[in-house]
Amino acid sequence: MNDWTVTPLAASLGARIDGVRLAETDDAELGALQDLLNEHHVLVVSGQDELSVADHLRVGESFGDLYVHPFIDAIPEHPAILQVIKEPDDTETFGGELWHCDLSFTSPPAAVSILHACELPPIGGDTLFANTALAFDWLSPRLQAWVSELTATHVYPEREEGPSTAATHPVARIHPRSGRRALFVNPAFVTRIVELEREESDTLLSFLYAHQTQPEFQIRIRWEIGQVVLWDNRTTVHYAMNDYPGHRRRLQRVTALERRG
Ligand code: SIN
């Protein structure tokens, strides 16, 4: 850890960590990564070409139990490592061109995702992140108080039945480690705010989606082969750019669920 260099990437969120070899991290270093995530929300670690499936799983498990997705293909070697693939003739991205955090339809929700870049287009395919804790801070005190009393239903699209496909969470959730409140709604999985009428819910959600993704809260990550990006799903939303038709993009992701208690 002493030889790590931490460089903030934007005023809003994100830090680049140099000097880390994720494949060789010990418990103290994994704890330090958790502390850095609490502070910066998104960590970019380049040059991790040697990260094996076992290393990826071990780093992921340090943040919580790994989620095995019931509907999305994993790599053949392990069911908890998802394939994030867009083929040259695919028109949609993995995230479906929606700002989201991963697995908000589970309870407990996702804590941390760790994405490893394997194949990339020559240009494009960047990922945007926005800081939803900062977005909460920028609301007026009255709106902060009101949204803190509300809850929202999150559902995996078109799959209301099945393992872990629906959950209810506070609209502004308290992070269990930092104690900081962050907006916790996204257009990929939220179907409505429970305590409001449909039209009221739609209007408030539209406002919150626009508010939490304004440029001041964002960072844009340009990928390199072998790069790993870790993010906290409880304090960020992300959006994968769909701007590289005719090229393949393949990354591998593990997502750890929040620990209870
Ligand atoms: C994801 O939504 O987890 C994938 C993000 C990306 O493809 O950049």
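This passage describes the ligand site of a predicted model, followed by selected features of its backbone and of individual residues.

In the predicted model, the ligand is surrounded by Val 84, Phe 94, His 100, Asp 102, Leu 115, Thr 127, Trp 231, His 238, Ala 240, Arg 249 and Arg 253. By residue class, this shell divides into 5 nonpolar, 3 polar and 3 charged residues. Three side chains of the shell place polar atoms at short listed distances from ligand oxygen: an N or O atom in the side chain of Thr 127 is 2.5 Å from an oxygen atom of the ligand, an N or O atom in the side chain of His 238 is 3.0 Å from a ligand oxygen, and a polar side-chain atom of Asp 102 lies 3.3 Å from an oxygen atom of the ligand. The accessible area that the ligand has on its own amounts to 260 Å², and the protein covers 100% of it. The space that the ligand takes is, moreover, the largest cavity. Two elements give two or more residues to the shell, namely strand S15, which spans residues 236-240, and strand S16, which spans residues 249-257.

A further part of the shell can be followed through His 100, which is found in the loop between strand S5 (78-86) and strand S6 (110-119). With a relative accessibility of 8%, His 100 counts as buried, because this value falls under 20%. The side chain of His 100 is joined to that of Asp 102 by a polar contact of 3.4 Å, and Asp 102 in turn has a polar side-chain atom 3.3 Å from a ligand oxygen. Both His 100 and Asp 102 are among the residues that surround the ligand.

The loop between S5 and S6 also holds two backbone features. Pro 108 has its place in this loop, and the peptide bond that leads from Ser 107 to Pro 108 is cis, with omega near 0°. Glu 97, which lies in the loop between S5 and S6 as well, has a positive phi of about 55° although it is not a glycine. These features deserve mention because most residues other than glycine have a negative phi, and most peptide bonds are trans. In terms of accessibility, Glu 97 is partly exposed, with a relative accessible area of 37%, a value that lies between the cut-offs of 20% and 50%.

A positive phi is also found at His 41, where the angle is about 75° although the residue is not a glycine. His 41 is located in the loop between helix H1 (27-40) and strand S3 (42-45). Whereas Glu 97 is partly exposed, His 41 is buried, its relative accessible area being 4%.

Helix H1 contains several residues for which spatial separations were computed. Ala 28 has its place in this helix and is partly exposed, with a relative accessible area of 45%; its C-alpha atom is 8.4 Å from that of Met 1, from which it is 27 residues apart in sequence. Ala 32, likewise in helix H1, counts as buried at 14% relative accessibility, and the C-alpha atoms of Ala 32 and Met 1 are 7.7 Å apart in space with a sequence separation of 31 residues. Glu 39 is also placed in helix H1 and counts as exposed, because its relative accessibility of 55% is over 50%. The C-alpha atom of Glu 39 is 8.7 Å from that of Ser 178, although the two residues are 139 residues apart in sequence.

A contrasting separation involves Glu 50, a residue in the loop between S3 and helix H2 (53-61) that is partly exposed, with a relative accessible area of 31%. Glu 50 and Thr 168 are 118 residues apart along the chain, and their C-alpha atoms are separated by 39 Å.

Finally, Ser 201 is found in helix H5, which comprises residues 198-212. Ser 201 is buried, with a relative accessible area of 0%, and its side chain reaches the backbone nitrogen of Ile 193 at 2.8 Å.

Note on methods. Residues are numbered from 1 along each chain as its sequence is written. This is a predicted model: local features need pLDDT of at least 70, side-chain atom pairs count only at pLDDT 80 or more; totals for chains, interfaces and linings use all residues. Side-chain values use heavy atoms; hydrogens and water are left out. A residue is near a molecule or strand if one of its heavy atoms lies within 4 Å of it. A polar contact is a pair of N or O atoms within 3.5 Å; within protein, one must be able to donate a hydrogen and the other to accept it, and residues adjacent in sequence count only if both atoms are side-chain atoms. Accessible areas come from the Shrake-Rupley method with a 1.4 Å probe; for residues, only the protein chains shown count as cover. On a 1 Å grid over the protein atoms alone, a cavity is a set of points where a 1.4 Å probe fits but cannot get out, and a pocket is an open set with protein on both sides within 12 Å along at least five of seven lines; lining residues have an atom within 4 Å of a point. A molecule sits in a cavity or pocket if more than half of its atoms lie within 2 Å of its grid points. Helices (H or I, at least four residues) and strands (E, at least two) are DSSP runs, numbered from the N terminus. Ala, Val, Leu, Ile, Met, Phe, Trp, Tyr, Cys and Pro count as nonpolar, Asp, Glu, Lys and Arg as charged, and the others, Gly among them, as polar. Buried means under 20% relative accessible area, exposed over 50%, partly exposed in between (1.4 Å probe, protein chains only).
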